[in-house]
Amino acid sequence: MKNCLAHDFSTLYSYLWYSGFPLDGWNRDNGSISDWTTHSAITFRNTADLFGYFVHFESGGNKTDAVLRDRNGENIAFAEWEWKDPASERINEPQKLASAWEQYRPHFCFLLTYVEEGALREAVREICEEWANDGLLILCVVTYQRAGLREFKELVFFEVCQGKDKVIRRQPALPWNIKGTKWQLD
C-alpha cells in the first residue's frame, strides 16, 4: 500500500504541476527562484488536498520544506525542493530527507530538484548514493537546457530505494509542449 500511495502521489503531482503554472509561454518565459519554490509548494499542497492530508511547511524535527500528515498526526511524507542543480552544486536535501526517514519512518520522502539534462544520470546516481536506506524516495527532476536562463525540458519521476533508481513517470516540464491541450502554443 505504501508504494501505491507514493506512485499515486507522483501521478497527481505531475498533473497538478501544470495547474497555476507561473509562466505562460508567450508573455512570460522565465520565472524567478521564488516563483518555482512557491509553485512546488502549492503543487505539493494541492496534491495533498486531493488525498485529504494536511501539509505543514518548514516542519518536523529537521525543518524539511513540508511534512504531509494524516488527521491522526501520522507522518505520510517528508518533502524538499531545491533550485540548485545537484550535478554542479552540493545540496543537503537528500541527507535531510534520509535523516527524516530514519527518525520518523514516513510512507515515503519526496525531493524535487532541477538538473541540466546532460547531467541527469550523474545527478540521479549521486542522490542514489546518498539514499542507501530501505525507505522510498520519490525523486522529481525538472531537466533543463542552459541557454542563458534555464529552459525546462522534462519532468521525470524516479523511485529510489536502497541506492537504486527506477523511472516511474516522464512528461514535458512545460504545459504548452503537450499537444492537444489548452496550453499548447500554435
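This dialogue shows how to read one helix residue and a set of paired strands in a predicted model.

Q: Where in the structure is Thr47 placed?

A: Thr47 belongs to helix H2, which covers residues 33–51.

Q: Is Thr47 buried or exposed?

A: A residue is called buried when its relative accessible area is under 20%. Thr47 has a value of 0%, so Thr47 is buried.

Q: Which residues is Thr47 in contact with, leaving aside its neighbours within four places in sequence?

A: With those neighbours left aside, the contacts of Thr47 are Phe9, Leu12, Tyr13 and Leu16.

Q: What lies 2.8 Å from a polar atom of the Thr47 side chain?

A: At that distance one finds the backbone oxygen of Thr43.

Q: How should one read the pairing of strands, and how many bridges join S5 to S6?

A: In a regular strand the side chains alternate between the two faces of the sheet. Here, strand S5 (residues 137–147) and strand S6 (residues 149–161) run antiparallel and are joined by 10 bridges. Within this pair, Leu137 is opposite Val160 of S6.

Q: What lies between S5 and S6?

A: The two strands form a hairpin with one residue between them, and Gly148 in the turn has a positive phi of about 85°.

Q: Which strand pairs with S6 over eight bridges?

A: Strand S7 (residues 164–172) does, again in the antiparallel sense. Val160 stands opposite Asp165 in S7, while Val160 also faces Leu137 in the pairing of S5 with S6. The hairpin of S6 and S7 has two residues between the strands, and Gln162 takes a positive phi near 50° there.

Notes. Residues numbered from 1 in each chain as written. Predicted model: local features only at pLDDT ≥ 70, side-chain atom pairs only at ≥ 80, totals over all residues. Heavy atoms only, no water. Helix = DSSP H or I, 4+ residues; strand = E, 2+ residues; numbered from the N terminus. Buried < 20%, exposed > 50% of the residue type's maximum accessible area, 1.4 Å probe, protein only. Polar contact = N/O pair within 3.5 Å; in protein donor to acceptor, adjacent residues only side chain to side chain. Contact = heavy atoms within 4.5 Å. Pairing = 2+ DSSP bridges.
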